[in-house]
Amino acid sequence: MGGRQDTRVSRVPSKPVRREADGSLAIDLWLRRDGAFESDASLRLTPAEAETLHAQLCYALDDTTAALISPVSDLPVCRKGVFTTRHPA
């Protein structure tokens, strides 16, 4: 019997999130096992699931993460309010 395998899932960096014909949103992923490419997959989310994920990511990202984007004007709209209310100009 083999040992434990390291499986990793990551976004395909060159492919943007896209809207499918049925209205769902798709995120292209790479699946790797023990460092070797295994296959591609797509994470498909309903608009409601995507909105929930968006809100959870905005909440999970902290001021330190927002401060990495310079200038502040390049922040996504949903992050500008969080950063500027805690770090007035």
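In this predicted model, leucine 43 touches Leu25, Ala26, Ile27 and Leu29, not counting residues up to four places away in sequence. Leucine 43 itself lies in strand β4, which covers residues 36–45. With a relative accessibility of 36%, leucine 43 is classed as partly exposed, because that class sits between the 20% limit for buried and the 50% limit for exposed residues. Leucine 43 is also a convenient starting point for a look at aspartate 28: the two residues are 15 apart in sequence, and their C-alpha atoms are separated by 6.5 Å in space.

Aspartate 28 belongs to strand β3. Its relative accessibility is 11%, so aspartate 28 counts as buried, the limit being under 20%. The side chain of aspartate 28 has a polar partner, as it makes a polar contact of 3.1 Å with the side chain of serine 42. Once neighbours within four places in sequence are left aside, the residues in contact with aspartate 28 are Ser10, Arg11, Val12, Lys15, Arg18, Ala41 and Ser42.

Strand β3 also features in the nonpolar interior. The largest nonpolar core is made up of 5 residues, namely Leu25, Ile27, Leu29, Leu45 and Ala50. Strand β3 supplies the largest share of this core, with 3 residues. Alanine 50, a member of the core, is in contact with Leu25 and Leu45 when neighbours within four places in sequence are disregarded. In soluble globular proteins, nonpolar side chains tend to be buried together.

Just ahead of strand β3, serine 24 is placed in the loop between β2 (18–19) and β3 (25–33). Is this loop residue buried or exposed? Serine 24 is buried, since its relative accessible area of 9% falls under the 20% limit. The side chains of serine 24 and aspartate 22 are joined by a polar contact of 2.7 Å. Beyond its neighbours within four places in sequence, serine 24 is in contact with Arg18, Arg19, Arg44 and Leu45. Of these, Leu45 is also listed in the largest nonpolar core.

Turning to the surface, Leu53, Leu57 and Leu61 form a nonpolar patch there, with about 230 Å² of accessible area together. Leucine 61 is located in the loop between α1 (47–60) and α2 (63–67). The relative accessible area of leucine 61 is 36%, which means that it is partly exposed, given the limits of 20% and 50%.

Technical notes:
Residues are numbered from 1 along each chain as its sequence is written. This is a predicted model: local features need pLDDT of at least 70, side-chain atom pairs count only at pLDDT 80 or more; totals for chains, interfaces and linings use all residues. Side-chain values use heavy atoms; hydrogens and water are left out. Patches are made of residues with over 30% relative accessible area and no salt bridge: like charges are joined within 9 Å, nonpolar side chains (Val, Leu, Ile, Met, Phe, Trp, Tyr) within 5 Å. Accessible areas come from the Shrake-Rupley method with a 1.4 Å probe; for residues, only the protein chains shown count as cover. A salt bridge is a side-chain nitrogen of Lys or Arg within 4 Å of a carboxyl oxygen of Asp or Glu. Helices (H or I, at least four residues) and strands (E, at least two) are DSSP runs, numbered from the N terminus. Buried means under 20% relative accessible area, exposed over 50%, partly exposed in between (1.4 Å probe, protein chains only). A polar contact is a pair of N or O atoms within 3.5 Å; within protein, one must be able to donate a hydrogen and the other to accept it, and residues adjacent in sequence count only if both atoms are side-chain atoms. Contact means heavy atoms within 4.5 Å. A nonpolar core is a set of buried Ala, Val, Leu, Ile, Met, Phe, Trp, Tyr and Cys residues joined through side-chain atoms within 4.5 Å.
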